[in-house]
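Please find below a colleague's note on the structure shown here. The points are numbered so that each can be read against the coordinates.

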Amino acid sequence: MNEHDPWMIGEVPFSSQARYIGPLIVRFRQIWNGMSTRWYVLPMIQQLNVLLGRIRGRFADVADWIARVDRDQTSLRRELAETRLQVARLEERLRELESCADVGREDGD
Amino acid sequence: MRIAYVSPLPPLRTGIADYSAALLPYLARVFDRVDVYATERSDVLVDGPDVHPVGDLPERWRTYDLCVYHIGNNQSFHRSIYELALEYPGVVVLHDYFLHHLLAGLTIGGGDFRGYLREVAYARGAAGAELAYEAAVDWAHMPLFDEPLNSRLIDVSLGVLVHSRYAFRLAKSHHPGARIAYIPAPYGPEMPDDLSRDELGLPEGALLVTLAGMPNTAKRTDVVMQAIAALGSRFPQLRCAVIGDLLQGLGEPGVQDLQGRLLEIGYVPSLARFLAFLNASDVIVNLRYPSVGEASALTLRAMALGKPVVVSNTGWYADLPSDVCVKLDHTFDDGEDAGRLADALADLFAHPDATRLMAERGRSYVQQEHNSERVASEYEAVLRAWRGALYG
């Protein structure tokens, strides 16, 4: 993991817990790594970081898309609730009018 | 106009239950019908409106002009109300503007990380999804006080009520198209038990600073302890009464430094007795930093009793007039904040006439601004206007 950006990987510094000779061990491993593997591994780390960057970008695109769909769904949910309440009031009004009409019909009879 | 009022009720230990108990009798006078739906754990009926379990609301919600949902951060009391507010939209009353604690509890608290990620992504898009992931794997702090996580609830609701101008400004800036209104939090009237300090077990000659509530790091209890300890040599009669469980989780040094000045009262179930403790105090300290945009019932109660109050200069507290209480600016440095609080308390003790005048102004302010009858009228005006917009 890269200490500056946790979404990227980077070189891991050598360390040693050995007393007195620890710094020597670290220095030796740095030199040996520099000769044997560093220039082989670094390009692979760079390739991997490019790949991680693309995956992160795709992840961001998908997250954005899901969030947009989620917001649209929430907005539709509110509109549906408004409509259902409006229909409920219209049904009540209709029942009132029907009962008035029934009373009028009975009076007429 | 027919209202479904969905809220926790006493004896649940939440300020929102007390709020509803105080307001409901007045709301019952201004609306044609108010049915109360209480959370499952509530078994006390209030006088006046009918009370039903929240589980009965889904089959009846269309019979009301509006459902009014009271939302706070405690998931024990608000889980079912929050879920109902999303499923059967109505008007939400945001007692806390920031709902991050509630949402984190409802998702991560139940092992549902994807639910948390979805909520933060809803609020902030891809950047939010990354932030949620980083918080879950400990690469970053959970943004409890930076991201309100209330967008879904505000977007789905037919209207939003808040109790602070601070919350109103935030809500309007983030949701300019939403129906949002500010209504002051209601206060009482509430009467304290007529008990002397002796009857309450408090020392007669003490200079008594009181704090109260449930444990919460934002209440800065450790800062108050440091300030009391610092003032001990100047004011030998100074004592600090702590009502409730505020000392839970507090660092030992903070308590030990008080050398016998601490009076642990514990939880006081009776509101009248709780008020008697406030009434017997010389100063009430109620710090909150950072704030989640809440209005403080404790502050209103203390001010209504004519007690000098020290609060944090943030959120709802910052909107209080400067001449009715002491408002403390905070840093994130406990030592610095404790020094400022100690100076403020010393100033109050040194100028008793000015302190009394400030407390009297506080009492008048609460009586005028937070009068329950007036608050109920404002509820009526706002909800009738929103009903008109909805049904034409």
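The points below concern mainly chain B of this predicted model.

1. Overall dimensions. Chain B contains 15 helices and 13 strands. Its C-alpha atoms occupy a box of roughly 65 × 50 × 35 Å along the principal axes. For 392 residues, a compact globule would be expected to have a radius of gyration near 21 Å, and the value for chain B, 21 Å, agrees with this.

2. Burial and contact range. Of the 392 residues in chain B, 50% are buried. When contacts in chain B between residues at least 6 apart in sequence are considered, 67% of them join residues at least 24 apart.

3. Strand β1 and its partners. Strand β1(B), residues 2–7, is mostly covered, with 5 of its 6 residues buried. On β2(B), residues 33–38, it has a parallel partner, to which it is joined by 6 bridges. Within this pairing, A4(B) stands opposite D35(B). The connection from β1(B) to β2(B) passes through helix α1(B), residues 15–30, and forms a right-handed β-α-β crossover. β1(B) also pairs in the parallel sense with β4(B), residues 66–71, over 4 bridges. Here the bridge partner of V6(B) is Y69(B).

4. The nonpolar core. The largest nonpolar core comprises 135 residues. The residues with the most contacts inside this core are A4(B), Y5(B), V6(B), L27(B), V68(B), Y69(B) and I71(B). Helix α4(B) provides the largest share of the core, 11 residues. As for V68(B), its contacts, not counting residues up to four places away in sequence, are I3(B), A4(B), Y5(B), V6(B), G90(B), V91(B) and V93(B).

5. The contact between the chains. Chain B contributes 17 residues and chain A contributes 19 residues to the contact. On the side of chain B that touches chain A, at least two residues each come from α4 (113–136), α5 (151–156) and α15 (372–391) of chain B. The largest share of that side, 7 residues, is supplied by α4(B). Classified by residue type, the side of chain B that touches chain A has 11 nonpolar, 1 polar and 5 charged residues. Helix α4(B) thus appears under two headings, with the largest share of the core and the largest share of the side of chain B that touches chain A.

6. Helix α11. Helix α11(B), residues 297–304, is mostly covered, and 8 of its 8 residues are buried. The buried residues are A297(B), L298(B), T299(B), L300(B), R301(B), A302(B), M303(B) and A304(B); the charged residue R301(B) is thus listed among them. After α11(B) comes G306(B), which has a positive phi, near 75°.

7. The position of T299. Is T299(B) buried or exposed? T299(B), which lies in helix α11 of chain B, counts as buried because it has 25 C-beta neighbours inside 10 Å, and the cut-off for a buried residue is 20 or more. Leaving aside neighbours within four places in sequence, T299(B) is in contact with N286(B), V309(B), V311(B) and Y317(B). One of these, V309(B), is 10 residues from T299(B) in sequence, and the C-alpha atoms of the two are 7.0 Å apart in space.

Conventions:
Residues numbered from 1 in each chain as written. Chains lettered and ligands numbered in written order. Predicted model: local features only at pLDDT ≥ 70, side-chain atom pairs only at ≥ 80, totals over all residues. Buried ≥ 20, exposed ≤ 12 C-beta atoms within 10 Å, placed from the backbone. Rg over C-alpha atoms; globule rule 2.2 N^0.38 Å. Contact = placed C-beta atoms within 7 Å. Core = buried A, V, L, I, M, F, W, Y, C linked by C-beta atoms within 7 Å. Pairing = 2+ DSSP bridges. Right-handed = clockwise from strand over helix to strand, strands pointing away.
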